[in-house]
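Me: I'm new to reading protein structures and would love some help. Could you pick a single residue in this one and walk me slowly through its surroundings?

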Amino acid sequence: MAEKKAKTVAKTDEEKYLEAKKLTVATPCLMRDKEKAEIYDSIAKIYEGLGDYKDSETLCREAKEQAKKYKEQIKVQKEKDKQQREKAESEKEESKGIFRKVILSLILVLIIAGIGGAVYLKTKPGRYARADFYEKIENYEKSYKMFHNLKDYKDSVSRSLESRYKFAVQSKENNQYTDAKDAFRALGDYKESKLLLTELEIDNIKNSEIGTSVLFGEYKWLMVEKEADKVLLVKSEPINGYAYHETNENITWEESTLRGYLNSDFIDETFCQQMNEKILNTEIVVPDNEQYRTKGGRKTTDKLFLLNGKQAQEYREILDNYTRDWWLISPGNSQNTAQYVSYGEVMNYGYEVSNKNIYIRPAMWVSIKETI
């Protein structure tokens, strides 16, 4: 049974109302009047947008009054600071002896108090409190980074994971592909990260054009063909080090070691289970080599396969981005050889199947059909 895809739902008035309430409760945790004024402005905007919902109009006025109060306190504090500086300068010139020492001591106390507040914010308890606050106001990018930097302090590790997961989901809902993709990949098996990453990459593939390089699993792939509910992807950069078959003997695609490897170890190492399920089983018909009368062998059903010569020519303009020679699926001039592409041209006579200097470019059909 296919898993249901999560859908983005706009927030209701009640959810917005509760969000504003949550911000109102969290705001006193802040130390700076400037931050409090900014948050109360944000709260007022939320209530203002709610119109006459419940007591939003009253709460809006209260939030505006609080924002105004802290703005006024900032102005008053600035004026006080200015006056204190002027007074201190005047008294420094006039005061002598003990009186000078008393004034300097008072100034020193004020400086220490200010430094003490700044120092607290840099301590682990202070940084933890700030991370907690950012999580409460749903700034998950800041909260997960701050919790991450705290390492094993209290429950910072688990809270960093949860905040990063919420940041990834938030980015996905806001169509921020790169941020969501990077976050889900970093999370690995955490909660539904792999499922949501699969949905994200399938959506990206669905919205891409033929010829585009797309990420799926551990590699980038070139989209060479697109139908209503599926796309044909071919490995973008050829991979070196794989023979068509381990030993130099008469062989067809059906019995080749390369076919076995691509549809077992390679697919397991490259794709998570959710992505694997999106790769379609494809009936593969390997053409005979009519020029040399060598046989392509029996039909196979594979998830991963190689292109044949006709496909290589058809998709040449898209695939001609690397000059490396790469294997094709069909036989060459003898049954122990296989065709390959060199500088965009199909080498019909082929090369010995055990050669490891020819690269591979696996291909696959991937479903982009909506799951219900």
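Reply: Happy to! Let's take Glu-201, which counts as buried because its relative accessibility is 0%, and the cut-off for buried is under 20%. Keep in mind as we go that this is a predicted model.

Where does Glu-201 sit along the chain? Its place is in helix α9, which covers residues 193-206.

Next, look at what the side chain of Glu-201 does. It makes a polar contact with the side chain of Arg-185, at 2.7 Å. A polar atom of the Glu-201 side chain also lies 3.4 Å from the backbone nitrogen of Gly-217. So there are two partners to find on your screen: for Arg-185 look at the side chain, and for Gly-217 look at the backbone.

Now widen the view to everything Glu-201 touches, leaving aside residues up to four places away in sequence. Arg-185 and Gly-217 appear here again, together with Tyr-177, Lys-181, Leu-215, Phe-216 and Met-275.

For practice, you can turn to another helix, α1, made of the 14 residues 13-26. Its end C-alpha atoms are 20 Å apart, and this agrees with the expected span because each residue should add 1.5 Å. Which residues of α1 are buried? They are Tyr-17, Ala-20, Leu-23 and Ala-26. A general rule helps you read such a list: an α-helix has 3.6 residues a turn, so residues three or four places apart point the same way.

Conventions
Residues numbered from 1 in each chain as written. Predicted model: local features only at pLDDT ≥ 70, side-chain atom pairs only at ≥ 80, totals over all residues. Heavy atoms only, no water. Helix = DSSP H or I, 4+ residues; strand = E, 2+ residues; numbered from the N terminus. Expected span 1.5 Å × (residues − 1). Buried < 20%, exposed > 50% of the residue type's maximum accessible area, 1.4 Å probe, protein only. Polar contact = N/O pair within 3.5 Å; in protein donor to acceptor, adjacent residues only side chain to side chain. Contact = heavy atoms within 4.5 Å.
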